[in-house]
Amino acid sequence: MTDKNRPDADSLFDRRWRPGHPFRLRIGPWRRWGMVALLLGLCALIGGYWYITDANRVRSMAEGYLTRLIGGPVKVGEARLGIFEGLRLSDVRVYVDDSGAADSLLFSADSFLLQYNPASMLRGRLEATRIVAIDPRVHLTENLDDGRWNYQRLARAEAPATDARPTGRSEPLQLPEILLRNAQFVYSEVRGGALSRRGSLDIEGRLWPAPDTGRYRFELQSRGEVEGVGPVVSGSVVLSTGQFNVRLEKFRFGQDIRSLLMAQVRGFWEQHQLEGRLDIPEFTFTPGRGGKKASFRVETELDGVTLVIHPDEFNSRAENQRLARIRGALGLMGTAGMNGGGLLDPLDRMFHPPPIQLERVAGTFVFTEEGIEIKRVSGRIETNAFRASGHIDGYSPDAAASIRIETPPTENLYIPHAPRYVDSMPPQVREVYDRFRPEGTARAWVELTRESGGARPEIKGEIEIIDGQFTFDHFPYPVRSATGKIVLGNDEKTGAERLDIKRLRGRGGEGTANANSFIEVNGHISPFGPTAGVNMMVTGTEIHSDPVLRAAFPAETREALRMLDPGGDGEFPKFEGSFACEVIRPVGYRTHWIINTDIQLDDASGALVAFPYPLEKVAALLRIREGYVEIVDAKMRDGEASLKLDGRVHFGHGRPVTPDLVISAKNVPIDRKLLDALPAERREWLEKVGLTGRLDIEGRIYGADSPAKGEGKGAGGIEAREAGFSQQPDPVPSGENGLTGAGRPRDMEGEGAAKG
């Protein structure tokens, strides 16, 4: 190479059309096509990413996926699919149908975060493995017009396409795990076509797929006021049918749990004013399909709650309708200003008895669409414990029912002097209380049975008095330390309600003459009400007369005893013995009472008003009937003197006392007691003749209306069929004794024979 051909630094820039780099790389065809393929791949990747993450496409896929998962139409406001944050859905709304009704909205959330299977996304199919719902709202609405919840309509909706691009083959849906963050259950109801909100419950929770296909299990924890821990809800739900089984724990019956329950269950507890803690170990609901009605089962466990029983539940439908009319009339009268000075207040209290307050109630109530089952329920009414079991065939206050209430085996019933709840009890129980006013310790059981809806309930029961006191209204003698039974039931012949008293026996009042004597009541009352028939027997043994016992006798008996009290001050008669008082009233309106009293006098003292001769140590049987008293075999002995008396004394309201007695007296001294017992004109005659000694009498004491024989017929007086006397040994002045003289009574007939 010559120097001429040798390049220098300057010559390199002389040829600008030539490259400045003397060692240029040569690109082969493979590399060239490889770079083109890489460029195309990157463009495809970017285009695929744009396609896959396209907001409209992702939103459509999400709506289709959620629709298939839930079963109802789903609307998504915005969808974003990112490499790092995953799939995010905003403004998610789930509807039960496309009707646009006020209760169609079932679920709403501010946003959803979905963890998904990327391979399924590449195949054009969204399959989430986890869904995090942020600020979700579950809208549960009950339509009271047709008795259905809004979510029940999901079971009838046809499943739409699984996504925007069908694959042509059906694949089982993989249920994702669902986490709820700051969730809220909102409860509403539709009544008369109007939607109203009833309450809400704030919760955190988790739902996860159960081993069996198509079922979700869930556990929800609400935020409570104490340490942030509140009620717990757990259970499962079948998405295809809407059937769910739930357990609710640590709830109080407030707005939170009240709105969760079915309308029937909620209405029952609201009507009975439930307050307190409860658990629901079983809450099962199956929506109606194929023309069948929905079914449910709600098992409620109460834990020391309070509730009330309304008196109207013990009445028939017709009785409640009458009460409603009366209450309405009283309200109108009060509005019209007719309650001046509280004039209507007693009537208002009578027709508005207060409810019965139950406290510390525990046990189980099982609610179904058919009615209510009561299992092992216990509680207290005032201070008394009770147990209850039975069933109610419906949810109306007058539904058919069969309930048994009894005292527990470990406690007795104590009936106070004036229990506040008596006016609110069933009419049959009030009948028992009003008749006997029981008080003290007892054991009891009651069965309430209503055969059909609206009928008057039948009451059967038994009160076993262990140590009490009572006062029978038709023999108002207070009895203490009583035992016996009061039985409620139905008459075997008539089927009417019947009250039986069996050996209701106790002692007389403390500190009285009859403190150690026994009073016993037996008998029955049937039916109840204004036509009640009464057949009662009151007996007393080893009794003594005292003012309280005398006042307790029926009016006819008291009037008959006044025949033996000539002074009229209640001092006589005094007696020891026994009695039997029969109280009878035939069935019907304004029927006549029949009261028969037999008094066996073993040691009595007194005097007949018709012949007020003082009687001591008298033994007799008094048969007191309407209008008369029959004296049977009355005997008295006083030293050598004796007296026997038989017959009747007639009496009555507005009628004079009319005796008709047969008297037999032996060795009766003619003294001041005898003279004072005689009528004035007879006494004057005997005093005039100065008769002394002893007298034997066989005669008759009769009144003006008695059928007397002889001269004094119809006039009244003392008739002596045979009389004798003996003169005392003391000298008697001449002319002052004997049976002669003008003053001899005209109705003292017979012959006198001197004795001694």
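**Entry 1: salt bridges**

I looked up the charged side chains and found Glu142, Glu189, Arg191 and Arg266 linked in a network of salt bridges. The model I worked from is predicted. I recorded 34 salt bridges in the structure.

I then took up the pair Glu177 and Arg206, whose side chains meet in a salt bridge at 2.7 Å, N to O. Glu177 belongs to strand E6 (residues 177-191) and Arg206 to strand E7 (residues 194-209), so this pair links distant parts of the chain, 29 residues apart. Glu177 has a relative accessible area of 17% and is therefore buried, whereas Arg206, at 36%, is partly exposed.

Arg206 appeared again when I turned to the rings: its charged end sits over the ring of Trp208, 4.3 Å from the centre. I noted a further case in Arg648, which lies over the face of Tyr628 at 4.1 Å from the ring centre.

I also listed the salt bridge of Arg498 with Asp491, with the closest N and O atoms 2.9 Å apart. Asp491 counts as buried at 14% relative accessibility.

**Entry 2: the largest pocket**

I read a volume of about 760 Å³ for the largest pocket. Its lining comprises 29 residues, and those closest to the centre are Asn315, Leu323, Pro427, Arg430 and Arg456. Helix H6 (317-335), helix H7 (345-351) and helix H8 (427-436) each contribute at least two lining residues. By class I noted 15 nonpolar, three polar and eleven charged residues in the lining.

I followed Arg456 further and found a salt bridge with Glu497, the closest N and O atoms being 2.6 Å apart. Glu497 lies in strand E21 (residues 497-507) and Arg456 in the loop between strand E18 (439-450) and strand E19 (458-472); the two are 41 residues apart. Glu497 is buried at 14% relative accessibility, while Arg456 is partly exposed at 33%.

**Entry 3: aromatic rings**

I counted 16 aromatic pairs. The ring centres of Phe268 and Phe367 are 5.6 Å apart and the planes stand at 65°, so I entered the pair as edge-to-face. Phe268 is in helix H5 (residues 263-271) and Phe367 in strand E13 (residues 356-368), so the contact ties together parts 99 residues apart in sequence. Both are buried, Phe268 at 9% relative accessibility and Phe367 at 0%.

Phe367 also pairs with Tyr395: the centres are 6.4 Å apart and the planes at 15°, so this pair is stacked. Tyr395 lies in the loop between strand E15 (384-392) and strand E16 (401-406), so the pair with Phe367 ties together parts 28 residues apart in sequence. I closed with the cluster that ring pairs form from Phe268, Trp269, Phe365, Phe367 and Tyr395.

Definitions and conventions. Residues are numbered from 1 along each chain as its sequence is written. This is a predicted model: local features need pLDDT of at least 70, side-chain atom pairs count only at pLDDT 80 or more; totals for chains, interfaces and linings use all residues. Side-chain values use heavy atoms; hydrogens and water are left out. Rings of Phe, Tyr and Trp (its six-membered ring) pair if their centres lie within 6.5 Å; planes under 30 degrees apart count as stacked, over 60 as edge-to-face and the rest as tilted. Helices (H or I, at least four residues) and strands (E, at least two) are DSSP runs, numbered from the N terminus. Buried means under 20% relative accessible area, exposed over 50%, partly exposed in between (1.4 Å probe, protein chains only). A charge sits over a ring if NZ of Lys or CZ of Arg is within 6 Å of the ring centre and within 35 degrees of the ring normal. On a 1 Å grid over the protein atoms alone, a cavity is a set of points where a 1.4 Å probe fits but cannot get out, and a pocket is an open set with protein on both sides within 12 Å along at least five of seven lines; lining residues have an atom within 4 Å of a point. Grid points are joined across faces, edges and corners, and a volume is the space filled by probe spheres set on the points. Ala, Val, Leu, Ile, Met, Phe, Trp, Tyr, Cys and Pro count as nonpolar, Asp, Glu, Lys and Arg as charged, and the others, Gly among them, as polar. A salt bridge is a side-chain nitrogen of Lys or Arg within 4 Å of a carboxyl oxygen of Asp or Glu.
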